[in-house]
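Biologist: Got a minute to go through this one with me? Let's pull it up.

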Amino acid sequence: MTRYPRDMIGHGPDRPDPRWPGGAKIAVQFVLNYEEGGENSLLHGDAASEAFLSDIPGAAPWPAERHWNMESIYEYGARAGFWRLHRLFTGRGIPLTIYGVASALARSPEQVEAMKDAGWEIASHGLKWIEHRGMPEAEERAAIAEAIRLHTEVVGTPPRGWYTGRCSMNTVRLAAETGQFAYISDTYDDDLPYWVHLDGRDQLIIPYTLEANDMRFAGAPGWVTGQDFGQYLCDAFDVLLAEGAEGRPAMMSVGLHCRLIGRPGKIAGLIRFLDHIAAHDGVWTPTRLQVAEHWAATHPPAHKDRPSQMDRDTFVARFGGIFEHSPWVAERAFELELGPAHDRPAGLANALARAFRTASPEERMGVLRAHPDLAGKLAAAKRLTAESTSEQASAGLDALTDDERARFTALNDAYTAKHGFPFIIAVRDHDKAGILSAFETRVANDTDTEFATACGQVERIARLRLESIL
């Protein structure tokens with residue numbers, strides 16, 4: 001048995017209405033990453049200098065040596081860039097979420113005071129702005145605990161949000177297991193928040209962004225001018241606003257860094273974007289914590305059956321009758337690589353259909369022959385399965401006139417005599433007249449054609465049955 005952990009479905013084709021406050025058609029959320037003083041440096045006990053997210057093209061770590069230019073670029077973010085951004089956002093009354101590296105916050109008390117005075121949310125961005133890939137689990141767990149402790153000491157209150165950024169495969173799980181966070185943002189996989197269930201606890205995830213993000217000033221392909229960045233933000237906003245006007249509101253995250261967007265030529269594009277959103281109604285500009293609190297109140301976690309997480313006996317007991325009297329289909333589907341994509345009707349129907357399609361012709365014929373005649377003797381004797389009874393009733397086949405019953409009986413007899421299996425059709429897709437018309441057409445087909453058609457209808461019946469129970 002193989003279970004695939006990645007979730008390729010999420011909210012699915014019809015994302016939920018977030019019901020943003022005031023009927024907003026879009027939530028635009030700004031994050032300012034405060035990393036200055038938390039980056040790799042010999043001064044911070046690291047083995048080499050920083051090489052990530054700066055204006056030095058192709059920067060590489062300098063082992064066992066301080067990188068004066070790199071350090072001064074980071075210092076610009078704290079000394080000048082932060083204050084330029086502080087003036088911009090406080091002047092517009094737009095709150096920020098700070099992703100604060102705990103060790104950086106500890107080295108910037110005046111900036112922390114300004115963040116708090118502005119009423120900004122200060123979330124945790126980890127203990128140090130370093131790479132966590134390959135970090136032993138116990139070491140990363142200890143670093144998360146120390147980040148929370150130091151953050152609380154420096155800020156005065158513990159962080160309610162978490163984003164590592166340079167994370168490991170364990171980060172989300174380790175952050176969630178603390179029970180500390182109203183949300184975690186170490187994903188980039190959706191336009192809306194969503195819940196995950198980790199180690200018996202519901203954890204809200206608010207996805208972040210690496211594309212509506214000024215970090216692309218420091219990488220290729222990326223932004224060259226502030227106008228590049230501003231135009232991209234405006235385009236993203238316009239598309240999401242239009243979707244919101246059509247009844248599909250979403251969330252737009254914007255990622256900022258003091259040492260990058262804090263430069264005059266780069267911030268010009270951000271200013272144009274702020275002007276752009278200010279010219280539209282229906283825009284909510286919350287902190288991430290406000291988003292989390294709204295989502296938890298409006299869309300609390302809902303625990304649903306997850307077929308991919310069932311044991312074999314439960315899975316077969318629940319879905320063994322989806323293919324009429326043929327539990328072997330469910331037994332074989334259980335052995336496939338199931339995952340979150342198979343916890344919804346379309347996905348599970350596909351898994352069952354795969355098991356059916358790869359069966360021998362004789363096994364598939366057995367499934368066809370397990371189906372009852374339409375409006376036949378089993379129906380009259382009330383010996384159909386509950387699913388078949390409901391399906392036939394949905395098309396009015398339980399309330400036939402004498403003439404209609406006689407016609408169905410004649411067609412059943414002729415069809416079965418010719419093809420060796422009963423006429424099968426997904427009755428929920430048709431009314432009584434449509435079923436009778438199809439019956440009269442298909443009885444004349446050759447058996448190979450009807451075998452393929454009937455198998456397709458069996459799969460369609462399964463899909464409809466799953467829709468009603470999942």
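Modeller: Sure, a term to start with: buried means under 20% relative accessible area, exposed over 50%, and partly exposed in between (1.4 Å probe, protein chains only). This is a predicted model, so to speak of local features we need pLDDT of at least 70, and side-chain atom pairs count only at pLDDT 80 or more, while totals for chains, interfaces and linings use all residues. Residues are numbered from 1 along each chain as its sequence is written, and side-chain values use heavy atoms, leaving out hydrogens and water.

Biologist: Okay, strand E3: which residues are buried on its two faces?

Modeller: E3 (residues 97–100) has Thr97 and Tyr99 buried on one side, and Ile98 and Gly100 buried on the other. Strands (E, at least two residues) and helices (H or I, at least four) are DSSP runs, numbered from the N terminus.

Biologist: How many bridges does E3 make with E4?

Modeller: 4, in the parallel sense; strands pair if DSSP finds at least two bridges between them. Isoleucine 98 partners isoleucine 122 of E4, and glycine 100 partners serine 124.

Biologist: And which residue of E3 does leucine 32 partner?

Modeller: Isoleucine 98. Strand E2 (residues 26–34) runs parallel to E3, joined by 4 bridges.

Biologist: Back to E4: are Ile122 and Ser124 buried or exposed?

Modeller: Buried, and on the other side Glu121 and Ala123 are buried too.
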